[in-house]
Amino acid sequence: MAAFLQSIGYEHWILTALLIVPVAGAAIVLAAPAAAARSIALAVTLLELILSLGLWVAFDPSLDGMQFERVIPWVGTYGIEYHVGIDGISLMMVLLTTVLTPLSVLGSWAGITTRERGFYGMMLVLTTGMIGVFVALDLFFFYVLWEVMLIPMYFIIGIWGGKARLYASLKFFIYTMVGSLLMLVAILYVYFAAGRQSGGAFSFSLEHILRHLPTLPLGTQAWLFGAFFLAFAIKVPMFPFHTWLPDAHTEAPTAGSVLLAGVLLKMGTYGFIRFAVPLFPAVAFHPTVSRIIITLAVIGIVYGALVAMVQPDFKRLVAYSSVSHLGFVMLGLWALTMQGTQGAFLVMINHGISTGALFLLIGMVYERRHSRLVTDFGGIAAVMPAFAAILTFVSLSSIGLPATNGFVGEFLVLLGSFQTHPAAAVIATTGVIIAAAYLLWALKRILYGPLEKNENRGLTDLTGREYAILAPLLALILWLGFYPQPVLRRMEPAARAYIESAQRAAPGAPDVAAREGR
Amino acid sequence: MVLDFENGRDLALGLLPELILTAWAMLLCLHSAWRHRESDAQRQAGWLSLAGVVLAAGATIWLWRGNAHLDGIPLVVNVDAFRWASTLIILTGVGLSTILSIGYLDREGINVPEYHAMVLFAAVGMLFMVNGADLLIIFLGLETMSVAVYVLAGINRRSAHSAEAALKYFLLGAFASAFLLYGIALLYGATGTTRLVLLGVQAAHVTAEMTLLLRAGIAMLFVGFAFKVAAVPFHMWAPDVYDGSPTPVTALMAATVKAAAFGAFARILLQGLAAEQQHWGAVLWWLAAATMVVGNLLALAQRSLKRMLAYSSIAHAGYLLVALVPGSPAGASAFLYYLLFYTFATVGAFAVLIARGRQGERDVTTDDLSGLAESDPALALIMAICMLSLLGFPGTAGFIGKWYILATATGGGYTTIAVLLVLTSVISAGYYLPVIMAMYMKPRLHERSHADTVLPAVMRGVLVAAMLAVVVFGIWPGRALYLARVGSSGFLVTPVPATFASPSPLPPGHPAPLPPGHPGQ
């Protein structure tokens, strides 16, 4: 297989192809009749998935650094390049994206009945944006994709969303924009600083900037890190920057919620891993900053879980649970141990799968019942047994039951953070317990008990299409639960590189290499 | 080609675009004296005027491509790339607003063929503003333009608002001109010259007792130009004037009059007063900051679309001022790039407003555009691109312009104003996005609410081309950025050490190679 891929020059064109195929697909969707839009979108996203699967095979887990790199000058005079490449964590994020997009297209199959062409066109443009963010290695290119992605999501929420969609979409847009524009100024600042240091070679290439960025005064670095931090922390979202999330997730159509939770939130944590931490390790792991971030992460874990518990709307409940899960990611990243980092990477993947599945399930029941209020249901396991079984299973994986994917990730994060920040790890553990409480309680009220409401008696169980959507996710949940080794192995160099980059300018930070015995 | 202004033929060549436009304006005066009763006459005059603008633009391009430059230092008018670039931006704006006005005047029943002659006279004035090498030439250009635009603002004699706009504009404009003239007089007193190049030399060696005079002159100059570009706190006239004038005139004022005033301002600052940058830089800093903050906040509070666009153009004046703060040639190129695509987006937005509105468009609100995407997807898309470009969103040329300004400011060491620029841009999302929201996400107010939203086919074609340019240059800005950089290459003297330098050599084969010493090399 690997030999075949090499023979067709796969490593040279794959990332570019992954970026171009969806946009080209969007053009086809817009030109084709509205009735064909969803089929074309499905075909394009499936093609994208098949193309991307080769990455799994062709990716060499034994190599450090970037693979599949490609550099094409874009605006040469200002050192702007089309520069793409992936390491282990980007690989997983790209695969997560390509897996989730066809499923969200299928999940919108019946739910989107107006302006289909626009919707599927936006979905495809969004796909390019998401993949682009995970593969861009030029800060300018990254910034453009990071922003451009806002537009399709803005329209998806604003046109096809729920009742308060206008409010939610505007809030989503403006929150994201505040952070990212400040990041633009910070990007320009490091561009000039690195360019002057290198003797006039100005380039937005991340590698170039990392190599030539002079040691700036700590105060300046703090401001610059702050700008990156704000952009990424809003996207993650970290407490207290999370207030856009419940609105956006709740109002978005199913596909929008799936991609928001599954992929867009990961861009925030990915941004920390790829840009903010390697550029400013001295600030990121300055004892004070580190303490603040860990505190916010832990608050996010517990607060998100507690607020999720009291949500009457099931979708909103899942939205708040995202705040909690992403808190684990941040905790794992700032623990600065190999287990913590690997765990954080894994939680990023798991959350995409489990929460994506939950949103898809909510969408399915919403299409039947046109309600998401927990109190509107009760006992529907009697009429929808398969749905009930799958929802229970997915919820358990989200809680982190052993033998599901959720367990491995959160366990590694707690293990890793306990070594360096025991108090934070202990408090975070309560988040797992509360997660069990809110999800199981919701399940009890929705699925079990007597079937009292007449509206619920006529509900039909899952259709073939819905099984097709859920089956791959269930398989992934089990696979990652039992045998996450292949994934961990591919992400290991990236995790090590992250820790090394964090320690580069922070001699006081705990010596991980020694502890890990490497 | 080398021009020697001692020689009559060379002088005529050097002033070719201006001469063409002047001759054309007179031709139009004759035309409207001959035919002015039928509504046809106005339309004819419009197309005729457009032909003149195209001819003048052609002459400009010919001179630029021929690398026309002056033998010796420019004493009266400049012959340099900055002039060509700004001339083309101005002619683009004039041409677009002329196309807009032909249908508009027809529809609103304003049958005044002289309108087009006035536009051309204004254009001549603007060209002299950006080519003047002497403060007095610039002043004469400014007055020629202003008088013509006063008339244009009040051209709709049946509208009280139009008359109010003209009167306000005239009174405050006269006031500003007085400041400007006084400033020029003081500068002359301090340095003994009104010629920019000599001023640049003299200003650096002013004796201690003359310094005060020089500074006072600069301050007066600032007040005058701040009035003209509607920078806060000298912006009070702008909203009422923009609101009351016929909409194509508003578009002309918001885009092109501003471009000309900025062009002249930039030239005076960079060519004549570069040595004083550390003093006026700080003043400009505050002017820019106040303009961005106040302009954006006031725009946010508007309900009428026309007023919103008027205030947003104040905010854009603030962004343009930021480009000038570091006083570097890179600032001038950022500013040229920004102006060109600002012109496209602004005229585009006003065109959509015209298509939707009636009787001066004063009462069209954002909500009146509700559901436009369903009734007329092309028009909605044009408006959406205009809004995104004005917002400075990646993928549009407006972003590259804003990025360039930010880069100039950051590279020149003015990070704080760059941060302020992006923060106020976020405010602008609060009024640009609702337009998109109304068009795409809200239902039509009633079944036939867009039945009379019509944009003539010609205008539609022109706008589609303009929007295409906005998107294409938003994605591949290389060529336009290069021209913008060439456009600023005349300003050799740079007082700040940190210029926005570029790493790689320029693409070969361009007719106008950059002179040595320019930061582009």
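Two residues are counted as in contact if their C-beta atoms, placed from the backbone, lie within 7 Å. That goes for every close-up below, and the model they show is a predicted one.

**View 1. Helix α7 of chain A sits among its neighbours.** The buried residues of α7(A) pack against α5 (116-135), α6 (139-148), α8 (165-197), α11 (244-251) and α12 (254-279) of chain A, and α18 of chain B joins them. Helix α7(A) covers residues 150-160, and 11 of its 11 residues are buried, so the rest of the structure largely encloses it. Among those buried residues are A:M153, A:Y154, A:F155 and A:W160.

**View 2. Here is where chain B meets chain A.** On one side there are 28 residues of chain B, and they are in contact with 29 residues of chain A. Three helices of chain B, α17 (397-411), α18 (415-441) and α20 (478-487), each put at least two residues into the side that touches chain A. The largest share, 12 residues, belongs to α18(B). By type, this side of chain B splits into 19 nonpolar residues, nine polar ones and no charged ones.

**View 3. Helix α18 of chain B has a bend in it.** With 27 residues, α18(B) reaches 37 Å from its first C-alpha to its last, close to the 39 Å expected at 1.5 Å a residue. The bend is about 30 degrees and falls at B:G430, with a proline, B:P434, following within four residues. Of the 27 residues in α18(B), 22 are buried, so this helix too is largely enclosed by the rest of the structure.

**View 4. Two helices of chain B pack side by side.** Helix α6 (residues 135-153) of chain B meets helix α7 (residues 160-191) of chain B at an angle of about 170 degrees, and their axes are 9 Å apart. That angle makes α6(B) roughly antiparallel to α7(B). On the α6(B) side the contact includes B:L135, B:F139 and B:Y150, while α7(B) brings residues including B:Y169, B:F170 and B:L181. Sorted by type, the contact residues come to 14 nonpolar, four polar and one charged.

**View 5. A glutamate and a tyrosine of chain A, each in its own setting.** A:E48 belongs to helix α3 (residues 37-58) of chain A. A:E48 is buried, with 26 other C-beta atoms within 10 Å. Leaving out residues up to four places away in sequence, A:E48 touches A:L18, A:V21, A:P22, A:T98, A:T101 and A:T127. The C-alpha atoms of A:E48 and A:T127 are separated by 9.5 Å, though the two residues are 79 residues apart along the chain. Then there is A:Y82, in strand β2 (residues 80-86) of chain A. A:Y82 is partly exposed, with 17 other C-beta atoms within 10 Å. Neighbours within four places aside, A:Y82 is in contact with A:I72, A:W74 and A:F141.

**View 6. Some loops have unusual backbone to look at.** The peptide bond from A:V236 to A:P237 is cis, with omega near -15 degrees, and A:P237 is in the loop between α10 (218-235) and α11 of chain A. In chain B, a cis peptide bond joins B:V232 and B:P233, with omega about 5 degrees; B:P233 is in the loop between α9 (208-228) and α10 (237-244). A:L336 is not a glycine, yet its phi is positive, about 60 degrees, and A:L336 is buried. A:H370 has a positive phi near 55 degrees, but A:H370 is exposed, with 9 other C-beta atoms within 10 Å.

Key. Residues numbered from 1 in each chain as written. Chains lettered and ligands numbered in written order. Predicted model: local features only at pLDDT ≥ 70, side-chain atom pairs only at ≥ 80, totals over all residues. Axes fitted to C-alpha atoms, helices over the stretch in contact; angles between N-to-C directions. Parallel < 35°, antiparallel > 145°, perpendicular 65-115°, else oblique. Nonpolar A, V, L, I, M, F, W, Y, C, P; charged D, E, K, R; others polar. Buried ≥ 20, exposed ≤ 12 C-beta atoms within 10 Å, placed from the backbone. Expected span 1.5 Å × (residues − 1). Bend = angle between axes of the 7 residues up to and from the residue.
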